[in-house]
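Here is a walk through one protein chain, written for someone who likes to know the cut-offs behind each call. Have a look at the sequence and the model first.

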Amino acid sequence: MLDYQKTRHAQFDDVRHSYSTRDTILYALGIGMGSDPLDRSELRFVYEKDLQVVPAMASVLASPGFWMRERQELGIDAVKLVHGEQAVTLHAALPAEGTVIGRTRVTRVVDKGEGKGAIIQTEKKLFDAATEQLLATVEQAVFCRGDGGFSKAGGGDVAGPALAATPDTEPDHVVDMPTRADAALLYRLSGDLNPLHADPDVAARAGFPKPILHGLATYGVTCRALLAAFCGNDPSRLKSLRARMSSPVFPGETIRVECWRQPEGVAFRARIPARDVTVLSHGHAELSFS
């Protein structure tokens, strides 16, 4: 059973992460940037001349790794973990290369009840190693399907505010984003080497007909769509991005990003029209329209 006290107060060493322009370009290629090599606005993310960084890359920098799986004393059933929600808030532009420091803490451990699972929420602050400038705040919620009921032994946090639901109206703007058949093999080189995204045998044991795309890759593709549709591919105009992971994507599928323009930004969801499945929901991006 999940140990609330040990999980809630888990300690993390600072993670120092040095990356190069090659890593920045590889991340952008992994979410489909540069699929049209003549698109000059996307070329700025995949070519070292005046290189810019996709804001969603903050999710993969200086992270503490698969700590819920590695720390067996926490009592977490790692086999049943599901990535639930992801949010990135930008405080400054990410450098195209350099060294950053990630400082992670657990912010909530919520008991949904026996047989219903638990939610672990974490926060990572990303700092420039040279200046200590805060670059980004990355929040993540993980749904632990096998770990509900621990509050009977004492402990448990109140759930945080729920994400706003996607509007129940026709979207104002739609962007179709095709993905490559080898998208997961390319994206995994940005750090997530889980064989579920590469090995057909592992995918089959998990109940999938083939390897699935990383949830953070879907999140990155959606970030790419919003940058193109509303920001003129200027990353400084995207201030924050949050969404709930709803269902997996198979590499090669087209992700349709449906958007609703709002005074403070854009509400969105991502779907796979071919299967009539929503893969990201409750999405919201804070951005500058001009």
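## The strands at the C-terminal end

Ala 270 of β9 has Leu 280 in β10 as its bridge partner. Strands β9 and β10 (residues 277–287) run antiparallel, joined by seven bridges. For the bookkeeping, two strands pair if DSSP finds at least two bridges between them, while the elements themselves are DSSP runs, numbered from the N terminus: helices are H or I with at least four residues, strands are E with at least two. This is a predicted model, where local features need pLDDT of at least 70 and side-chain atom pairs count only at pLDDT 80 or more, while totals for chains, interfaces and linings use all residues. Residues are numbered from 1 along each chain as its sequence is written, and side-chain values use heavy atoms, with hydrogens and water left out.

On to the other partner of β9: strand β8 (residues 254–262) is joined to β9 by seven bridges, again antiparallel. Arg 256 is bridged to Arg 271 in β9. The β8 and β9 hairpin has two residues between its strands, and the hairpin of β9 and β10 has four. How much of β9 (residues 265–272) is covered? Seven of its eight residues are buried, where buried means under 20% relative accessible area, exposed over 50%, and partly exposed in between (1.4 Å probe, protein chains only).

## Backbone oddities

Two aspartates have a phi worth checking. Asp 276, in the loop between β9 and β10, has a positive phi of about 55 degrees although it is not a glycine. Asp 276 counts as exposed because its relative accessible area is 58%. Asp 50, in the loop between α3 and α4, also has a positive phi of about 55 degrees without being a glycine. With 60% relative accessibility, Asp 50 is exposed too.

There is a glycine case as well: Gly 32, just after α2, takes a positive phi of about 95 degrees.

## Nonpolar cores

A nonpolar core here is a set of buried Ala, Val, Leu, Ile, Met, Phe, Trp, Tyr and Cys residues joined through side-chain atoms within 4.5 Å. The largest one has 59 residues, and those touching the most other members are Tyr 27, Met 33, Val 54, Leu 126, Leu 226, Leu 227 and Phe 268. Which helix gives the most to this core? That is α7 (residues 215–230), with nine residues. Leaving aside neighbours within four places in sequence, Leu 227 is in contact (heavy atoms within 4.5 Å) with residues including Met 33, Phe 45, Val 54, Pro 55 and Leu 238. Apart from the largest core lies another of 15 residues, including Ala 10, Val 106, Cys 144 and Phe 150.

Helix α2 (residues 21–30) has Thr 24, Ile 25, Leu 26, Tyr 27, Ala 28 and Gly 30 buried. Among the elements covering these buried residues are β1 (15–19), α3 (40–46), α5 (183–187) and α7.

## Rings and charges

Rings of Phe, Tyr and Trp (its six-membered ring) pair if their centres lie within 6.5 Å; planes under 30 degrees apart count as stacked, over 60 as edge-to-face, and the rest as tilted. The structure holds three aromatic pairs. One of them is Tyr 4 with Phe 150, which is stacked because the ring centres are 6.1 Å apart and the planes lie at 10 degrees. The pair links distant parts of the chain, 146 residues apart: Tyr 4 is in helix α1 (residues 4–8) and Phe 150 in the loop between β5 (134–144) and β6 (173–178). Both Tyr 4 and Phe 150 are buried.

A charge sits over a ring if NZ of Lys or CZ of Arg is within 6 Å of the ring centre and within 35 degrees of the ring normal. Arg 69 does this over the face of Phe 66, 4.8 Å from the ring centre. Likewise, the charged end of Arg 71 sits over the ring of Phe 12, 4.8 Å from its centre.

## Cysteines and a buried serine

How many disulfides are there, taking pairs of cysteine sulfur atoms within 2.5 Å? The count is zero. For Cys 223, the nearest cysteine sulfur is that of Cys 231, 8.3 Å away. Cys 223 is buried, at 0% relative accessibility. Cys 259 is in no disulfide either, and its nearest cysteine sulfur, also that of Cys 231, is 11 Å away. Cys 259 is buried, at 1%.

Ser 59 is in the loop between α3 and α4 (67–70), and is buried with a relative accessible area of 8%. Leaving aside neighbours within four places in sequence, Ser 59 is in contact with Gln 86, Val 88, Lys 124, Val 138, Leu 216 and Tyr 219.

Methods
A disulfide is a pair of cysteine sulfur atoms within 2.5 Å.
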